[in-house]
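Subject: Structure for you to look at, with notes

Dear colleague,

As promised, I am passing on the structure, together with some notes that I hope will be useful while you have it open. Please read them with the coordinates beside you.

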Amino acid sequence: MDQLMAIKAFARVVEAGNFTRAADSLDMPNATLSKMVQELEAHLGIRLLQRTTRRVTVTAEGRDYYEKALRIVRDLEDIDASFNVVSGRLRGYLRVDVGGSTARDVLIPALPDFMARYPDIHLDLGVSDRPVDLISDNVDCVIRGGPLSDSSLIARHIGDATLITCATPGYLKAFGVPAYPDELKNGHRLVSYLSPQTGRPFPFRFARNGEKSEIKIEHRIGVNESNAHLAAALAGLGIIQTFTYATFEAQQRGALVEILGGWRPAPYPFHVVYPQNRHVTQRLRVFISWLMEVFPQRLRAV
């Protein structure tokens, strides 16, 4: 038995909550993973996990073993990382989750710089506006905008984006250009961004001279993915409120026109978030430092 590999396998089952997810994250067959954990249990002479057809739970002994053994694994990773830093060659995989338009317009265009600095770090990008479970999905970090609600996560501020209200020239010719936010209530068609988590539409937000307001009216269409949200506006379906980095190219070629520019809402904060009980590898540290360096300017766009 490769005890170190067996410990890593057991730890992934604990973190993922089941064998299937753990096996997928380790890129090994489910049966192989199960056998490794069984061999570890036989070696220790204790039951680490209770298995049923529907779920896996950690025994009291298993939880204690997980916490103690994981410290050894982390120490070994730190030792390896320290020598990689000395040699200048950080290696391994990073799994990063990021929203659709943020991936397309901010992160991916900047990635050649990161890959040039760290050619032996491999990135797996999960691109979706839907929230993920960092532990069970084995994600190293997520890049997200908006307020943070989960206190069990560590968040680093990486910049602020600017929100813009806009529509196509064709739409504005047909329905008119609103002069102030309340005019949106007078027959205008709104394309709302729906929360991928709750399904509820985000209100259109506005601010001027320190005064903030929200417009909550029935939308003509709602979309829960940022790239599709922008596509709906480009199709002339109505007015949207989104980030300037997502609309920059369309504005440059005249496909979208900003309206209510004097009422732009407050900057929208973005963070890189990771679990506080997860070991922070040197790979993740350099990635976060890089995000803090390049993201602020790229998020602002125009």
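Below is what was found, beginning with the overall picture and ending with the charged pairs.

Please keep in mind throughout that this is a predicted model. The protein has nine helices and 14 strands, and its C-alpha atoms fill a box of roughly 75 × 45 × 35 Å along the principal axes. Of the 302 residues, 43% are buried, while the accessible surface comes to about 15800 Å², with 50% of that area belonging to carbon and sulfur atoms. Among the contacts with a sequence separation of 6 or more, 75% are between residues 24 or more positions apart.

The five-stranded sheet

An open sheet of five strands has the order β4-β3-β5-β14-β6, with mixed pairing. Its edges are β4 (121–127) and β6 (153–161), each of which pairs on one side only, and the twist from one strand to the next averages 25°. Strands β3 and β4 run parallel and are joined by seven bridges; V96, for instance, has L125 in β4 as its bridge partner. Helix α9 lies across β3, β4, β5, β6 and β14 (268–275), and runs at about 25° to β6.

The nonpolar cores

Which residues touch the most other members of the largest nonpolar core? They are L107, I143, F270, F287, W290, L291 and F295, out of the 34 residues that make up this core. The elements giving two or more residues to this core are β3, α5, β4, β5, β6, α8 (244–252), β14 and α9, and α9 provides the largest share, with nine residues. If you would like one residue to start from, F287 is in contact with L94, V96, L107, F114, L123 and C141, leaving aside its neighbours within four places in sequence. Apart from this core lies another, of 24 residues, which include A9, F10, V37 and Y65. As general background, nonpolar side chains in soluble globular proteins tend to be buried together.

The three-stranded sheet and a hairpin

A further open sheet, of three strands in the order β12-β7-β13, has antiparallel pairing. Here the edge strands are β12 (240–243) and β13 (257–259), each pairing on one side only, and the twist averages 55° from one strand to the next. Three bridges join β7 (residues 163–167) to β13 in an antiparallel arrangement, and A167 stands opposite V257 in β13. Helix α8 packs on this sheet, where it touches β7, β12 and β13, and its direction makes about 105° with that of β12.

Strands β9 (residues 204–208) and β10 (residues 211–215) run antiparallel and are joined by five bridges, with S213 in β10 as the bridge partner of F206. The hairpin of these strands has two residues between them, and N209 takes a positive phi near 55° there.

The salt bridges

The count comes to 12 salt bridges, and a few of them may be worth your attention. D97 and R144 form one of these, with their closest N and O atoms 2.6 Å apart. Because D97 lies in strand β3 (residues 92–98) and R144 in strand β5 (residues 141–145), this pair ties together parts that are 47 residues apart in sequence. Are these two charged residues buried or exposed? Both D97 and R144 are buried.

R117 forms a salt bridge with E293, the closest N and O atoms being 2.8 Å apart. This pair also links distant parts of the chain, with R117 in helix α5 (residues 100–117) and E293 in helix α9 (residues 282–300), 176 residues apart. R117 has a relative accessibility of 36% and therefore counts as partly exposed.

R253 and E249 meet through their side chains in a salt bridge of 2.8 Å, N to O. R253 counts as exposed, at 52% relative accessibility, whereas E249 is partly exposed, with a relative accessible area of 49%; the cut-off for exposed is over 50%. Finally, E41, R47 and R51 are linked in a network of salt bridges.

With best wishes

Note on methods
Residues are numbered from 1 along each chain as its sequence is written. This is a predicted model: local features need pLDDT of at least 70, side-chain atom pairs count only at pLDDT 80 or more; totals for chains, interfaces and linings use all residues. Side-chain values use heavy atoms; hydrogens and water are left out. A salt bridge is a side-chain nitrogen of Lys or Arg within 4 Å of a carboxyl oxygen of Asp or Glu. Helices (H or I, at least four residues) and strands (E, at least two) are DSSP runs, numbered from the N terminus. Buried means under 20% relative accessible area, exposed over 50%, partly exposed in between (1.4 Å probe, protein chains only). Two strands pair if DSSP finds at least two bridges between them. Axes are lines fitted to C-alpha atoms, for helices over the stretch in contact, and angles run from 0 to 180 degrees between N-to-C directions. Contact means heavy atoms within 4.5 Å. A nonpolar core is a set of buried Ala, Val, Leu, Ile, Met, Phe, Trp, Tyr and Cys residues joined through side-chain atoms within 4.5 Å. Accessible areas come from the Shrake-Rupley method with a 1.4 Å probe; for residues, only the protein chains shown count as cover.
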